[in-house]
Amino acid sequence: MKLFVSEGNPHCVKVLAGLEVTGVKCDVQLVSHEERVVPFLNRPVLPVLLLPSGQHLFSPNAICQYLFEVVGKEASDDGNQLLEWEATELQPAVLQALHMLMLQGKSGEAGTVLKGPLGWLEQYLSKRTTPFLTEETVAVADIVLWAALYPILSNSTFEAVVGELPSVRGWFKRVSQVPACEAAVQRVLQGKGLDALKNFLQKQPAPHIQRRDSPSSANATEMEDSELMMTEEEVEVAAQAWSKGLPDCSDSTQKKHPILPQEGKRNVLVTSALPYVNNVPHLGNIIGCVLSADVFARYGRLRGWNLLYVCGTDEYGTATENKAREEGLTPQEICDKYHAVHSSIYKWFQIDFDYFGRTTTEQQTEIAQDIFWRLHERGYLLEDVVEQLRCENCQRFLADRFVEGVCPHCKYPEARGDQCDKCGRLINAVELKEPQCKVCQQTPEIRSSKHLFLDLPKLEGELEQWLEKSMGSGDWTVNAKHITRSWLRDGLKPRCITRDLQWGTPVPHPDFSDKVFYVWFDAPIGYLSITANYTSEWEKWWKNPQQVELYNFMAKDNVPFHSVVFPCSLLGAQDNYTLVNNLVATEYLNYEDTKFSKSRGVGVFGDMAKDTGIPSDVWRFYLLYLRPEGQDSAFSWADMALKNNSELLNNLGNFINRAGMFVSKFFEGHVPEMVLQDEDKRLIAQVCWELKQYIQLLDKVRIRDALKCILNISRHGNQYIQVNEPWKKIKGGDDDRKRAGTVTGVSVNVACLLSAMLEPYMPTVSQTIRDQLQAPAHCARAMLYADRGFLCSLSAGHRIGTVSPLFQKLESEQIEALRKRFGGQQVPSSTVNSAQPKPPAAAAPAVNASVSAADPEKAKQLAAAVAKQGDKVRALKAQKAEKSVVTAEVTKLLELKKELALAEGKNPEPSLQKGKKK
Amino acid sequence: MALKELSSLEKCLGLKKPNKYSTQGERKVPVLQNNNGPALVGLVTIASHLVHEAKRTELLGNSAEQRAVVQQWLEYRITRLDNCSKEEVKVILKELNQYLEDKVYLAGNSFTLADTLMYYGIHHIIMNLAVQEKEKFLNVTRWFDHIQHYPGVRHHLAPVVVLRNRVYPSGQH
């Protein structure tokens, strides 16, 4: 038998004291914290007792219990209870408190964490009549609790924060005086006191007290519970509803344009943030706005709402002007070209807009100027002279996004002219430190120019009143509420609405005739003007808050403009505008743990998705499956393949296919007679419950969570088929054959319901299922409309069509190839251009060739050169040398590092990317 | 959850008279009210008590060594498995998978209380594994399937289908 311990590990105090007290003979070996004594555990854990049988004990409490048992002291209920309490309540609190105190220096908070457990122990001890926890002498519980509390109670810092605790202190002192305990402390802490623990604590993952209500586990339990709790009645009700079958539902499913609000209907207006025209959208943009809004719009239409979904490209601004210059076209030509690109991408993703327009229209000018004049007449506009950055080299005023510099708030070195990506604060471009023109890298000059401002402080009161109402009655995502509140808390300031540019909506005021509207005043007005392009009766949607419910979809960076700036424009214009009721903002989607980056060639962009050969529906599924609701999420190829193969292929596709195949194979394509037994009714009730969840979640725009309900249903279905084995029963006697019929019939009806629930997520697959089953056209609408629930829509005798598999497996080689292709492995052209002339084409193939041809001698020389160049760059930076000089030297350094990597036979790209911004 | 577990355990142990339980605190720790003596608190404590009551002490282990191993896995269940985060789930499955590589039961060659409680605690996780993941954690899945078919254990939980033949080529993981 052998005991492994490490120095400065508080858990070792426990077992050494136990060993001394019991007097059990055992070798003790001192090892380092990192020693992995237990082969099957993921992290190194100590202390460990190697039992004579060769088994490892890695729980200090179990080790102590064992030592006491060896000397004949068996476990008691009392002792067990204290040990369990120590493991689940005390230990987590102690570790957290130590972490706070020793590593973060927060003694007050550390005390708070301990208050509960210590109070409990004080009460426990005050009721005891024995000097020790369970007996007249020291028992296992005393050793375990004493050792756990040793770092706390022997530390004077805690004295003030944990309070009096007379009984605990008395007991603690009695145990401390046991010679075995003293010796154990000495052995572990080596007389260094608590500082000896620091090293150990640093190696531990940051502890946190786990809660019952953590969303993942809470959900799992909840679902499990409700499934079990289903009462007989509920099951019967579900089964009866099912048996009624589809109602004769003749309401037309055809959309009639133009869609206008109707009296007595739920009128829902859906918008998604207008994508900026000169960028090809990446997957993050797509899930963030248009795809999320599309799912909701499709769902709303299924539910029979009178719904209009509009979107379009945002086309004005400097970025467009610039792109036009680059490509030698006029801004209008650029817009026409990229508008078509956007249109075709969204078409491929099956985004079902009622109208996809653009902001460069007459209606935009008309409506924006009208709002402007109304604000002007009502005194909500201020005039002021603004200092602006002008690049003499480029001969123009620099728009915010064309300046970069150091953030004045958080010192982030790559803050943009309007907002800092790191701290999220808005920045006035002239406040940036060390500003730089993004086009030519020159330092711009400050010039003054007269501008108009929207007087946000004057509108603040009205805005707050409206916000309270809107947030209280509508569905705002948590991040949307949070971002909006933090904006209001900082106080609103007047905001500039004009710019010195040409490509924009002209300001109609004669004093500002050479200026255009700032894009954030202008762009949201695009929602109105795009609707006006769709129908001349646009005001029935946009000046009708009594009848219309407005949903805005966007990514979180867009929230303030939709919740503060734009509502202020509309409130100030006082024209009974429809303001947002439900603001749905997603977090960010990353790409394989990094950002999407066009310039680095990292990530999948809208136009490339179709070249992957993966169907649009699978893309939609995966993006929606990891929709960044509540927190950022990351796109990963391996995960996409896994989800496709496990969820779509094995779960959903497998179930639907089996249900259909049984009908074709065993019943000549006719849905068999169904005689429901308890088991069938229970399945129907389970499906009903999931359907109800699905509706509740989608009503609240919880798109990702609702998708899980669909997958749950097919999981239930698969299990139902597996347990009932219709493929065996069909070969049996009459009763068995009937049973096979019922199971098959119920299953194929579940498949039909799934096709309806899938419609918002995977429209093509949904239609394919209905085609294969030859399901009545209106069944999707019928089941989701007005909460009718799960209905038998394919009755006995119904003839289905030809069934074929819905999904294909994604092979790992295929996925690996795609990951390589989109992983930014190709040398970004921008880097090559700015570096010294070198054959760009050689870069990629050279990688593979040189991997095998490592050259140690050359590597040594290059390593020295890299070190030298590194010193040079650091020196220049320290001297605050001119940025262009530093940049040039940094480029040289990166080149050298790349060569070094090649000479060492490594792939040079990762180090190259690390050199770039994150 | 814990209460349902305890009532299943009672049935599994063949205890005739069901006990009355309540819960306390934020974590809903189970409490057993006792006629003769103070209340017992904590899942493992109560479960061990029930085993004694049913005179089935072999379920806590046949030797001091085995008893310690059983205690250790019971503790693992309530400290590591309960309320663990999503990332931690993978770690736990990996650890158990390695541990169970050469074992039939958690405490070696005989069925113990550790198997029952670990099965109750891990059920919702195994339930949600994709076929491919189940294959990845083959030893856990094998153990799990074994326990869920052990006479009298399953009770309140739904059976989880485990495929006997592999769907994915083994080289893929």
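**Helices α28 and α29 of chain A**

Begin by selecting A:Val748, A:Ala751, A:Cys752, A:Ser755, A:Ala756 and A:Leu758, which α28(A) contributes to its contact with α29(A). The partners to add from α29(A) are A:Pro763, A:Val765, A:Ser766, A:Ile769, A:Arg770 and A:Leu773. By class, the residues of this contact comprise nine nonpolar, two polar and one charged. The model on display is a predicted one.

Next, extend the selection to the whole of both helices, residues 734–758 for α28 and residues 763–773 for α29 of chain A. Their axes are 8 Å apart and meet at an angle of about 150°. Angles over 145 degrees count as roughly antiparallel, and α28(A) and α29(A) are therefore roughly antiparallel to each other. The crossing of the two helices is left-handed.

**Helices α1 and α2 of chain A**

Move now to residues 10–22 of chain A, helix α1, and residues 60–70 of chain A, helix α2. Here the packing angle is about 0°, and the axes lie 9 Å apart. An angle under 35 degrees counts as roughly parallel, so α1(A) and α2(A) are roughly parallel to each other. To display the contact, select A:His11, A:Lys14, A:Val15, A:Gly18, A:Leu19, A:Val21 and A:Thr22 on α1(A). On the α2(A) side, select A:Pro60, A:Asn61, A:Ile63, A:Cys64, A:Leu67 and A:Phe68. The residues of this contact divide into eight nonpolar, four polar and one charged.

**The nonpolar cores**

Which members of the largest nonpolar core touch the most other members? They are A:Ile371, A:Trp619, A:Trp637, A:Tyr694, A:Tyr761 and A:Phe790, within a core of 176 residues. Centre the view on A:Ile371 and show its surroundings. Apart from neighbours within four places in sequence, A:Ile371 is in contact with A:Phe521, A:Ile525, A:Leu528, A:Ser569, A:Leu570, A:Ala573 and A:Tyr577. A second, separate core contains 135 residues, including A:Ala97, A:Leu194, B:Tyr105 and B:Val140.

**B:Asn139**

In chain B, select helix α7, residues 138–148, and pick out B:Asn139 within this helix. Is B:Asn139 buried or exposed? Its relative accessible area is 16%; since buried means under 20%, B:Asn139 is buried. Beyond neighbours within four places in sequence, the contacts of B:Asn139 are B:Asn97, B:Leu100 and B:Glu101.

**Two cis peptide bonds**

Return to chain A and select A:Leu46 with A:Pro47, which are joined by a cis peptide bond with omega of about 0°. A:Pro47 belongs to the loop between β2 (27–30) and β3 (48–50) of chain A. Then select A:His257 and A:Pro258, where a cis peptide bond has omega of about -10°. The loop that holds A:Pro258 runs between α11 (232–244) and β5 (267–272) of chain A.

**Two positive phi values**

The tour closes with two backbone positions. A:Asn576, a residue other than glycine, has a positive phi near 55°. Look for A:Asn576 in the loop between α21 (559–573) and β18 (582–586) of chain A. With a relative accessibility of 41%, A:Asn576 counts as partly exposed.

Finally, select B:His155 in the segment after α7 of chain B. Phi of B:His155 is also positive, near 40°, in a residue other than glycine. The relative accessible area of B:His155 is 39%, and this residue is partly exposed.

Notes
Residues numbered from 1 in each chain as written. Chains lettered and ligands numbered in written order. Predicted model: local features only at pLDDT ≥ 70, side-chain atom pairs only at ≥ 80, totals over all residues. Heavy atoms only, no water. Axes fitted to C-alpha atoms, helices over the stretch in contact; angles between N-to-C directions. Helix = DSSP H or I, 4+ residues; strand = E, 2+ residues; numbered from the N terminus. Parallel < 35°, antiparallel > 145°, perpendicular 65-115°, else oblique. Left-handed = near helix turned anticlockwise from the far one by under 90°. Contact = heavy atoms within 4.5 Å. Nonpolar A, V, L, I, M, F, W, Y, C, P; charged D, E, K, R; others polar. Core = buried A, V, L, I, M, F, W, Y, C linked by side-chain atoms within 4.5 Å. Buried < 20%, exposed > 50% of the residue type's maximum accessible area, 1.4 Å probe, protein only.
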